[in-house]
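Visitor: Hi! I'm new to this one, could you walk me through it?
Guide: Happy to, let's have a look together.

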Amino acid sequence: MNWDLEALKERLTGKLFGHNFYFYSEITSTNDKAFSLGIAGAPEGTAVIADSQSRGKGRFQRSWYSPPGVNIYTSVILRPEIESLKASQIPIMAGVAVALVLENICPGKIKLKWPNDVLLNEKKVCGILSQAKIIGKEIDFIVLGIGINVNIGYSQFSEGLRDSSSSLVMETGREISRQELIISIYENLEKWYKQLLRKGFGEIKQSWLELAPMIGQTVNIKFRDETIEGKAAGLAADGSLILFSKGNKEIKVSAGDATIMR
Ligand code: BTN
């Protein structure tokens, strides 16, 4: 199932995300391309889609495995008029929007892991990388990069990724149209983004909490050389994770990799 760019263009006309899209059969990273488009003044909603990436980027300078023909790699430009301190609400919102679309395909099996990994049966099916250009206290733009493992089979993952990654085809046994899926993702992203701008973070936070099994559990947060352990208690308004460490001290964690302690 390949991309039909004419049909895609037609379906995205009039939508916020993707009304203006750039498609590449191969690119280094859709985030890098979207970031340079953002600097050049591209309007909100501009999207970059690639069939493969030669240097797909993950959080913390990790790479994102991006082979051709099977997955979704896309980045969109947002220009929200919110304080820069609230920029991290955007990837949280995106995690909810993507998770709820994937939940329709794999009911009951989709969860969120702070800050915005989407898990399918406890394995990663989608990663989100947001990069912001901030000027003073204002957000100039945010690039929201979304990678979804769609039709990639188990054997196509490297050994290092097999235990921790999953894909929609691995779970459902049927190929999913990337084109239909990206349209649903853009539509749901538009819905939740508008909700964030109009009504604030409350409902998004609530939906995130409902999808996040780590709340109430003891978790480890690894960041650079440091590991913090505590009980995950909720999400703060800036998207950071609220933890109660030993001694019941409340800490807000704004970056790191979270693992539930069993
Ligand atoms: C992570 O979980 O570490 C984030 C992964 C984000 C991957 C996507 S794929 C599309 C976009 N382009 C990139 O280079 N990265 C993001």
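Guide: Below we chat about the ligand, a serine, the core and the cysteines.

Visitor: What should I know before starting?
Guide: This is a predicted model: local features need pLDDT of at least 70 and side-chain atom pairs count only at pLDDT 80 or more, while totals for chains, interfaces and linings use all residues. Residues are numbered from 1 along each chain as its sequence is written, and side-chain values use heavy atoms, with hydrogens and water left out.

Visitor: Okay, how many residues surround the ligand?
Guide: There are 20, counting a residue if one of its heavy atoms lies within 4 Å of the ligand. The closest are Ser29, Gln53, Lys57, Arg59 and Lys124.

Visitor: Which side-chain N or O atom is 2.5 Å from an oxygen atom of the ligand?
Guide: One in Lys124. Another ligand oxygen distance, 2.6 Å, leads to a polar backbone atom of Arg59. A ligand nitrogen is 3.0 Å from a side-chain N or O atom of Thr30. The protein covers 99% of the 420 Å² of accessible area the ligand has on its own, by the Shrake-Rupley method with a 1.4 Å probe.

Visitor: And which residue's side chain makes a polar contact with that of Thr30?
Guide: Ser75, at 2.7 Å. Within protein, a polar contact is a pair of N or O atoms within 3.5 Å, where one must be able to donate a hydrogen and the other to accept it; residues adjacent in sequence count only if both atoms are side-chain atoms.

Visitor: Is Ser75 buried or exposed?
Guide: Buried, at 0% relative accessibility. Buried means under 20% relative accessible area, exposed over 50%, and partly exposed in between (1.4 Å probe, protein chains only). Ser75 sits in strand β3, residues 72-78.

Visitor: New topic: which residues touch the most other members of the largest nonpolar core?
Guide: Leu102, Leu168 and Leu181, out of 64 residues. Helix α3 (residues 89-105) gives the largest share, 11 residues. Such a core is a set of buried Ala, Val, Leu, Ile, Met, Phe, Trp, Tyr and Cys residues joined through side-chain atoms within 4.5 Å. Helices (H or I, at least four residues) and strands (E, at least two) are DSSP runs, numbered from the N terminus.

Visitor: How many disulfides are there?
Guide: Zero, with a disulfide being a pair of cysteine sulfur atoms within 2.5 Å.

Visitor: Why doesn't Cys106 bond with Cys126?
Guide: Because their sulfurs are 12 Å apart, too far for a bond. Cys106 is buried at 3% relative accessibility, and Cys126 is buried at 0%.
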